[in-house]
Amino acid sequence: MIKIVMASLIAVPAALGCTGATASDVLKVYESKAPFAEVLADLEDAIVNRGYVVDYHGHVAEMLARTAGDVGAGKVLYREAEFMQFCSATVSRKAMEADLANIGFCPYVLFVYEAEAAPGTVKVGFRRLPEGEARDDVNSILDDIVREASGN
């Protein structure tokens, strides 16, 4: 049993097209010239206005700044960087009915950041799920949300 599980764990990333993938291969990102706080608020509104609940709101830039000394980092990466995650009973059920392994894609994570090296440009996006089955519907919903938040 253990050998089967281990073989499955090795085969899954390759089957999902994750081998050798770069961020640009798996992330869908839009740009906005609006202030970071506005794009972040618009992202939360776009999630909540569809009837979803933000389960967790992470503050990545703050965490990196707080831990920089602990890890010997001297470079500031983000002016601001946050993420929000949510899960939808309806959307997730449909995806998991199509393939029980789709549990691995829930919760859905959306992110917003302004890079230190590119002030004034805010990026908002999500990690695309592999194409097929009900995952295409999830990608469409996530894309609609980030497009709305970015003004695209």
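This report walks through a predicted model, from its overall layout to its core, helix packing and disulfide.

## Ground rules

Since the model is predicted, local features need pLDDT of at least 70 and side-chain atom pairs count only at pLDDT 80 or more, while totals for chains, interfaces and linings use all residues. Numbering starts from 1 along each chain as its sequence is written, and side-chain values use heavy atoms, with hydrogens and water left out.

## Overall layout

The protein has six helices and five strands. Both kinds of element are DSSP runs numbered from the N terminus: helices are H or I with at least four residues, strands are E with at least two. Along the sequence the pattern reads α-α-β-α-β-α-β-α-β-β-α.

Of the 152 residues, 31% count as buried. Here buried means under 20% relative accessible area, exposed means over 50%, and partly exposed is in between (1.4 Å probe, protein chains only). Among contacts (heavy atoms within 4.5 Å) with a separation of 6 or more, 69% come from residues 24 or more positions apart.

## The nonpolar core

A nonpolar core, for our purposes, is a set of buried Ala, Val, Leu, Ile, Met, Phe, Trp, Tyr and Cys residues joined through side-chain atoms within 4.5 Å. The largest one has 27 residues, and Leu43, Ile47 and Leu110 touch the most other members. At least two residues each come from helix H3 (36-48), strand E3 (78-86), H5, E4, strand E5 (122-127) and H6. H3 chips in the most, with six residues.

Take leucine 43 as a worked example. Leaving aside residues up to four places away in sequence, leucine 43 touches Met84, Leu110, Val112, Val124, Ile145, Val146 and Ala149.

## H3 against H6

H3 and H6 pack with their axes 8 Å apart, at an angle of about 145°. The axes are lines fitted to C-alpha atoms, for helices over the stretch in contact, and the angles run from 0 to 180 degrees between N-to-C directions. On the H3 side, Val39, Asp42, Leu43, Ala46 and Ile47 meet Ile145, Val146, Glu148 and Ala149 of H6.

## The two sides of H5

Helix H5 spans residues 89-98, and its Val91, Ser92 and Ala95 are buried. They span an arc of only 95° around the axis, which puts them on the same side of H5; that arc is taken over the directions from the helix axis to the C-beta atoms. An α-helix has 3.6 residues a turn, so residues three or four places apart point the same way.

Strand E4 (108-115) and helix H6 (135-150) are among the elements covering the buried residues of H5. Turned away from that buried side is a face with the exposed residues Ala89, Thr90, Arg93 and Glu97.

## The disulfide and a cis proline

There is one disulfide in the structure, meaning a pair of cysteine sulfur atoms within 2.5 Å. Cysteine 87 and cysteine 106 make it, with their sulfur atoms 1.8 Å apart. Cysteine 87 sits in the loop between E3 and H5, and cysteine 106 in the loop between H5 and E4, so the pair ties together parts that are 19 residues apart in sequence. Cysteine 87 is partly exposed, at 32% relative accessible area.

Right next door in sequence, a cis peptide bond joins cysteine 106 and proline 107, with omega at about 10°. Proline 107 is in the loop between H5 and E4. As background, most peptide bonds are trans.

## Where H2 and E5 come together

Aspartate 25 belongs to helix H2 (residues 23-26) and counts as partly exposed, with 44% relative accessibility. Its C-alpha atom is 8.8 Å from that of arginine 128, although the two residues are 103 residues apart along the chain.

Arginine 127 is in strand E5. C-alpha to C-alpha, arginine 127 and serine 24 are 9.7 Å apart, with their positions 103 residues apart in sequence. Not counting residues up to four places away in sequence, arginine 127 touches Val26, Leu27, Val109 and Leu142.
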